[in-house]
Amino acid sequence: MPEKNDTYLTIAAPSEAVYKDKGSKFLAFAYPVQTLEQVKTIIEQKRKEFYDARHVCYAYMLGYERAVFRANDDGEPSGTAGKPILGQINSAQLTDILIVVVRYFGGILLGTSGLIQAYKTAAAYAIGTSAIEERIVERLFAANCGYDMLNSVMRIVKECRLTVVSQRQELDCTLILSVRLSQIEPVKERFSKLDFVRFEEYVEAEVGE
């Protein structure tokens, strides 16, 4: 059975690039994002910053499974702006990324194919100036046990190369562990064999609880 993929590619930091064609200027901006709220905020900022531009087009991809995405032409002919931008995100196999391309019209119509090529190239330039990094998908789990079982728990932590995010010691001991997605089931199985050890997904309490 193939191992579950638990890595993804994204950009390490914001980047930008410029592409010009027949007097039109395309300003491309790439941002690392993780939520729709971040996407919305950045787009609003760009529209305010470039209030005098003809178009502020964009595309984004979110989540390690690359299942949340959208492309927006912002008044350009359908499929000539957002889709080419999204195509470059897909070509680079990136996620958790937003690319905004701002167009200043130069007075000469580029035509459908010209627009597609311009937005595609601008997005590619922005990606090309970005540092691409691979990230690991992890989940937090809590291992709770008495002190007499702590050595057994730590043995699993060491052998499975788990990361201890935090440790709380009171009447018993609770370890918050970061576990790679592909390791979750094997690690669960290891812990299930330990008596008097509770191992479950960790959910942080909201402020005030």
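**View 1. Strand E6, wrapped up by its surroundings.** In this predicted model, strand E6 covers residues 97-104, and seven of its eight residues are buried, so the rest of the structure largely encloses it.

**View 2. E6 and its two antiparallel partners, E3 and E4.** Strand E3, residues 24-32, runs antiparallel to E6 and is joined to it by eight bridges. One pair to look for here is Phe-29 with its bridge partner in E6, Val-100. Strand E4, residues 55-62, is also antiparallel to E6, with seven bridges between them. Here, Cys-57 has Val-101 of E6 as its bridge partner.

**View 3. What does Ile-99 touch?** Leaving aside residues up to four places away in sequence, Ile-99 makes contact with Phe-29, Ala-30, Cys-57, Tyr-58, Ala-59, Ile-85, Ile-89, Ala-123 and Ile-127.

**View 4. The largest nonpolar core.** This one has 24 residues, and the ones with the most contacts inside it are Phe-26, Ile-85, Ile-89, Ile-97, Ile-99, Val-101 and Tyr-119. Two or more residues come from each of E3, E4, helix H2 (82-91), E6 and helix H3 (111-128). H3 chips in the most, with seven residues. Another core, of 23 residues, lies apart from this one; Tyr-8, Cys-145, Met-149 and Leu-175 are among its members.

**View 5. The stretch annotated in UniProt.** An unreviewed UniProt entry lists residues 22-126 as "domain: Impact N-terminal". In the model, that span is 38% helix and 29% strand, and its end C-alpha atoms sit 20 Å apart.

Key: Residues are numbered from 1 along each chain as its sequence is written. This is a predicted model: local features need pLDDT of at least 70, side-chain atom pairs count only at pLDDT 80 or more; totals for chains, interfaces and linings use all residues. Side-chain values use heavy atoms; hydrogens and water are left out. Buried means under 20% relative accessible area, exposed over 50%, partly exposed in between (1.4 Å probe, protein chains only). Helices (H or I, at least four residues) and strands (E, at least two) are DSSP runs, numbered from the N terminus. Two strands pair if DSSP finds at least two bridges between them. UniProt positions are given in the numbering used here, feature names are shortened, and annotations may be inferred rather than shown by experiment. A nonpolar core is a set of buried Ala, Val, Leu, Ile, Met, Phe, Trp, Tyr and Cys residues joined through side-chain atoms within 4.5 Å. Contact means heavy atoms within 4.5 Å.
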